[in-house]
Amino acid sequence: KGGETLGDLMTSQAPFKGKICCIGAGYVGGPTMAMMALKSGLHVTVVDLNKERIAAWNSDSLPIYEPGLDEVVRQVRGKNLFFSTDVESAVRDAEIIFVSVNTPTKEYGFGKGRAADLTYWEGAARSISRATVPGAALFNNFKIVVEKSTVPVSTADAMTCVLNENCPSGVGFQVLSNPEFLAEGTAIDDLTAPDRVLIGGPQNENGRAAMEALASVYAHWVPRERIHMNNVWSAELSKLVANAFLAQRISSVNALSELCEASGADIEHVAGAIGFDPGIGSKFLKCGPGFGGSCFQKDILNLVYLCESEGLPEVADYWLQVIKMNDHQKHRVSKLVVDTMFNTINNKKIAVLGFAFKADTGDTRESPAIDICGTLLSENARVCVFDPEAKESQIRYDLASFQKDDKLSISTDAYEACKEAHAVIIITEWKQFKSLDFQRIFDSMNKPAFIFDGRNILDHAALQGMGFRVQGLGKPKTWNWRREQL
């Protein structure tokens, strides 16, 4: 039966006591394994072929920024949490192997721009096969391989095929799906108290034993009623659908923000009103410059490709519209800036506050700031970016195709970024932006001084009182240079 909790299972199987390995030391693998080591006390090794990344995990400067992650890693690193480039040894000694490698959107061949590229995934499967030599650690005569990356439906079947075709005689594999439901910026909280743990696996005796072993690891700190068992295909699809629903919600409120601006309504009033409906709820109803991050767009495109492959064009078109609306939102934010600033930003300094795709992370993947800054640079603006966590090298890499005449600069100070600017754009909702001395910023800017609040986190009335020309997304227009008396 699908959807069972661990408490529903009648079993005398002892809790898992073996070693755990994770292939992939990125945004998912590193934090997840650190929490697992802390809460379970089990021996956990995270491996990656990237020597610089592993060196960073073993240093005082971790390769990713996540609130609370440093404290977790410091408590267990060198005790029962280890980071290594020796993939073969770690896989050989582990009975449970998590695979958390990159599955980017394919950029070539069949499925280009839609399907997930499983090159790294298949490479991980072959590494596991090579390391599973006679004498390797096994659980009930098989290794448990756990999909942690977001993958297409039936990936577990493909991995099982690769593993079984390359393993020693008498050794088997049970491939499970255990999708992550983390949000960057709150990953440690999400790992500490997850709202659900989903485990999908083969519906046979060995598959059940493997699922119960993995569930017993989570049961060290996750209430049993939150650990759910499904078949592997349902678990794989659930992750794609969860991200698609969240992205759809963001695109919906962003679409309404444009209507609000045109009609004179206030998106915060509208979102607040509908959020009182218990069938809708208040989460993910904040408009912004568009969603970003490594998951939403990739997973929706994967879902679209899956629908197209199954001969469901209407379903595919429905989900593709979520991506189209997100692209439109990013474009219209840039156009709003140009239109408001007298239809030209040529050689004007624009201060961009925030480059990461969301607050409390340094991750810039698919950030709306990339498209917005790129458009501003294409309009010959002088763009100065400040973000408290995004690295300058990454920002320059993301904008490399847009740069010309050295019009891009990166500042380590928000006030310096805004000095002599014609406009300030809030792209990332960093809390520290709310407490900036905007009178100081206003005094240092060219006039008229514009603020475009892409997250509606500032006190617009107070800013207008200082003399700023303010425009928030989804907010009634307070000033129009064509009819200034408005």
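Angles between helix axes under 35 degrees count as roughly parallel, over 145 as roughly antiparallel, 65 to 115 as roughly perpendicular and the rest as oblique. The views below all show a predicted model.

**View A. Helix 9 packs against helix 12.** Helix 9 covers residues 232–263 and helix 12 covers residues 313–340. Their axes lie 9 Å apart, at an angle of about 45 degrees. The two helices are therefore oblique to each other. The crossing of helix 9 and helix 12 is left-handed. On the side of helix 9, the contact is made by Ala244, Phe245, Ala247, Gln248, Ser251, Asn254, Ala255, Ser257, Glu258 and Glu261. These meet Tyr318, Trp319, Val322, Met325, Asn326, His328, Gln329, Arg332 and Leu336 of helix 12. Sorted by type, the residues of this contact are nine nonpolar, seven polar and three charged.

**View B. Helix 11 packs against helix 12.** Helix 11 is formed by residues 296–309, and its axis comes within 8 Å of the axis of helix 12. The two axes cross at roughly 155 degrees. Helix 11 and helix 12 are therefore roughly antiparallel to each other. Their crossing is left-handed. Helix 11 contributes Gln297, Ile300, Leu301, Leu303, Val304, Cys307 and Glu308 to the contact. Helix 12 contributes Val315, Ala316, Trp319, Leu320, Val322, Ile323 and Asp327. The residues of this contact divide into 11 nonpolar, one polar and two charged.

**View C. Helix 1 crosses helix 3.** The axes of helix 1 (residues 29–40) and helix 3 (residues 69–76) cross at roughly 50 degrees and come within 9 Å. That angle makes helix 1 oblique to helix 3. The crossing of these two helices is left-handed. From helix 1, Pro31, Ala34, Met35, Ala37 and Leu38 take part in the contact. From helix 3, the residues are Leu69, Val72, Val73, Gln75 and Val76. Nine of the residues in this contact are nonpolar, one is polar and none is charged.

**View D. The largest nonpolar core has 44 residues.** Ile20, Phe98, Ile144, Ile199 and Tyr218 touch the most other members of this core. Helix 8 (residues 205–218) gives the most to the core, with seven residues. Leaving out residues up to four places away in sequence, Ile20 touches Met33, Met36, Leu42, His43, Val44, Thr45, Ala94, Ile96, Phe98 and Val217. Another core, of 33 residues, lies apart from the largest one, and its members include Met341, Ile345, Ala369 and Leu408.

**View E. Two residues with positive phi are Asn140 and Glu366.** Asn140 is not a glycine, yet its phi is positive, at about 55 degrees. The loop that holds Asn140 runs between helix 5 (119–131) and strand 6 (142–147). Asn140 has a relative accessibility of 48% and so counts as partly exposed. Glu366 is not a glycine either, and its phi is about 60 degrees. Glu366 sits in the loop between strand 10 (349–353) and helix 13 (368–378). With a relative accessible area of 40%, Glu366 is partly exposed.

**View F. A cis peptide bond leads to Pro448.** The bond runs from Lys447 to Pro448, and its omega is near -5 degrees. Pro448 belongs to the loop between helix 16 (438–444) and strand 14 (450–453).

**View G. Ser409 lies in strand 12.** This strand is made of residues 408–410. Ser409 counts as partly exposed, at 30% relative accessibility. Ser409 and Val385 are 24 residues apart in sequence, and their C-alpha atoms are 6.4 Å apart in space. Not counting residues up to four places away in sequence, Ser409 touches Val383, Cys384, Val385 and Arg396.

**View H. Pro388 lies in a loop.** The loop is between strand 11 (382–386) and helix 14 (392–398). Pro388 is partly exposed, with 26% relative accessible area. From C-alpha to C-alpha, Pro388 and Ala356 are 9.0 Å apart in space, with their positions 32 residues apart in sequence counted as separation. Pro388 touches Trp430, Gln432 and Phe433, with residues up to four places away in sequence not counted.

How values were computed
Residues are numbered from 1 along each chain as its sequence is written. This is a predicted model: local features need pLDDT of at least 70, side-chain atom pairs count only at pLDDT 80 or more; totals for chains, interfaces and linings use all residues. Side-chain values use heavy atoms; hydrogens and water are left out. Axes are lines fitted to C-alpha atoms, for helices over the stretch in contact, and angles run from 0 to 180 degrees between N-to-C directions. Helices (H or I, at least four residues) and strands (E, at least two) are DSSP runs, numbered from the N terminus. A crossing is left-handed if the near helix is turned anticlockwise from the far one by less than a right angle, and right-handed if clockwise. Contact means heavy atoms within 4.5 Å. Ala, Val, Leu, Ile, Met, Phe, Trp, Tyr, Cys and Pro count as nonpolar, Asp, Glu, Lys and Arg as charged, and the others, Gly among them, as polar. A nonpolar core is a set of buried Ala, Val, Leu, Ile, Met, Phe, Trp, Tyr and Cys residues joined through side-chain atoms within 4.5 Å. Buried means under 20% relative accessible area, exposed over 50%, partly exposed in between (1.4 Å probe, protein chains only).
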